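The following questions and answers examine a single protein model. Please consult the sequence and the structure as you read.

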Amino acid sequence: MSNVAYLSRPVLVLFAALGLAACSPSQEESHDAGGDRPASSSAGLPAGRVAQGQQRAQVKGQASGQSCVDCHGADGNKPLDPTYPKIGGQYGDYLAHALQAYRSGDRQHPLMTPQAAALSDQDIADLAAYFASQSSQLRDLQGVK
């Protein structure tokens with residue numbers, strides 16, 4: 001009989017978790033040399049680049065003549081209109097999924113749908129990485145009346 005048979009279930013679970021962690025890339029390995037590129041995205045996009053996202057956020061879109069920062073603020077936390085969301089510090093994957101939905105037309109908004117239509121997968125990944133890297137002013141509204 002092997003020694004594994006004598007180990008308790010919690011110990012086996014711990015060994016399995018340690019084995020998975022050893023096979024996973026470390027934080028350092030999951031970023032590029034510039035340190036601003038996450039390893040993957042649940043949105044199926046290429047790795048986002050913060051610096052390129054910051055540049056892209058300032059590009060005026062043909063559809064509206066506005067850039068991301070014109071409407072959401074330089075850090076995503078100073079919207080032009082109080083009905084526009086604060087996106088600074090939002091989860092990058094959430095932002096990426098939202099932009100993909102606007103681009104495909106699955107999510108509709110008079111300004112965002114045409115604005116996102118021209119974005120490439122890399123543009124979306126970069127914008128999501130940039131705005132996710134900003135300080136957050138998001139708050140939980142549960143229980144707010």
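Q: In which helix does D126 lie?
A: The model is predicted, so local features need pLDDT of at least 70 and side-chain atom pairs count only at pLDDT 80 or more, whereas totals for chains, interfaces and linings use all residues. Residues are numbered from 1 along each chain as its sequence is written, and side-chain values use heavy atoms, with hydrogens and water left out. Helices (H or I, at least four residues) and strands (E, at least two) are DSSP runs numbered from the N terminus. On that basis, D126 lies in helix α6.

Q: How many helices and strands does the protein chain have?
A: Read along the sequence, the chain follows the pattern α-α-α-α-α-α. The secondary structure therefore comes to 6 helices and 0 strands.

Q: Is D126 buried or exposed?
A: Buried means under 20% relative accessible area, exposed over 50%, and partly exposed in between (1.4 Å probe, protein chains only). D126 has a relative accessible area of 3%. Because this value falls under the cut-off, D126 is buried.

Q: Which residue forms a salt bridge with D126?
A: A salt bridge requires a side-chain nitrogen of Lys or Arg within 4 Å of a carboxyl oxygen of Asp or Glu. The N to O distance in this pair is 2.7 Å. The pair links distant parts of the chain, 77 residues apart, with D126 in helix α6 and its partner in the loop between α1 (9–23) and α2 (50–56). The partner of D126 is R49.

Q: Which residues does D126 contact, leaving aside its neighbours within four places in sequence?
A: Contact means heavy atoms within 4.5 Å. The salt-bridge partner R49 is among the residues that meet this condition. The full list is A47, G48, R49, Q52 and G53.

Q: How many residues apart in sequence are the parts tied together by R56 and D123?
A: R56 forms a salt bridge with D123, the closest N and O atoms being 3.6 Å apart. R56 lies in helix α2 and D123 in helix α6, so the pair ties together parts of the chain whose separation is 67 residues. R56 is partly exposed at 22% relative accessible area, while D123 is buried at 19%. The separation asked for is 67 residues.

Q: Where does K60 lie, given its salt bridge with D70?
A: The side chains of K60 and D70 meet in a salt bridge at 2.5 Å, N to O. D70 belongs to helix α3 and is partly exposed, with a relative accessible area of 25%. K60 lies in the loop between α2 and α3.

Q: How many salt bridges does the structure hold?
A: Among them are the pairs D126 with R49, R56 with D123, and K60 with D70. The total for the structure is 5.

Q: Why is C68 not in a disulfide with C71?
A: A disulfide is a pair of cysteine sulfur atoms within 2.5 Å. C71 holds the closest cysteine sulfur to that of C68, yet it is too far for a bond. C68 is partly exposed at 21% relative accessible area, whereas C71 is buried at 12%. The structure holds 0 disulfides, and the sulfur separation for C68 and C71 is 8.4 Å.

Q: Which residue's backbone oxygen does the side chain of H72 reach?
A: H72 lies in helix α3 (residues 68–72) and is buried, with a relative accessible area of 9%. Its contacts outside four places in sequence include N77, Y84 and M112. The side chain of H72 reaches a backbone oxygen at 3.0 Å, and that oxygen belongs to P85.

Q: What is the geometry of the aromatic pair formed by Y130 and F131?
A: Rings of Phe, Tyr and Trp (its six-membered ring) pair if their centres lie within 6.5 Å; planes under 30 degrees apart count as stacked, over 60 as edge-to-face and the rest as tilted. The count comes to 1 aromatic pair. The centres of Y130 and F131 are 4.9 Å apart, with 65° between the planes. The pair is edge-to-face.

Q: Which residues does S135 contact, leaving aside its neighbours within four places in sequence?
A: S135 is found in the segment after α6 (121–132) and counts as exposed at 57% relative accessibility. Its contacts are N77, G88 and G89.

Note on methods:
A polar contact is a pair of N or O atoms within 3.5 Å; within protein, one must be able to donate a hydrogen and the other to accept it, and residues adjacent in sequence count only if both atoms are side-chain atoms.
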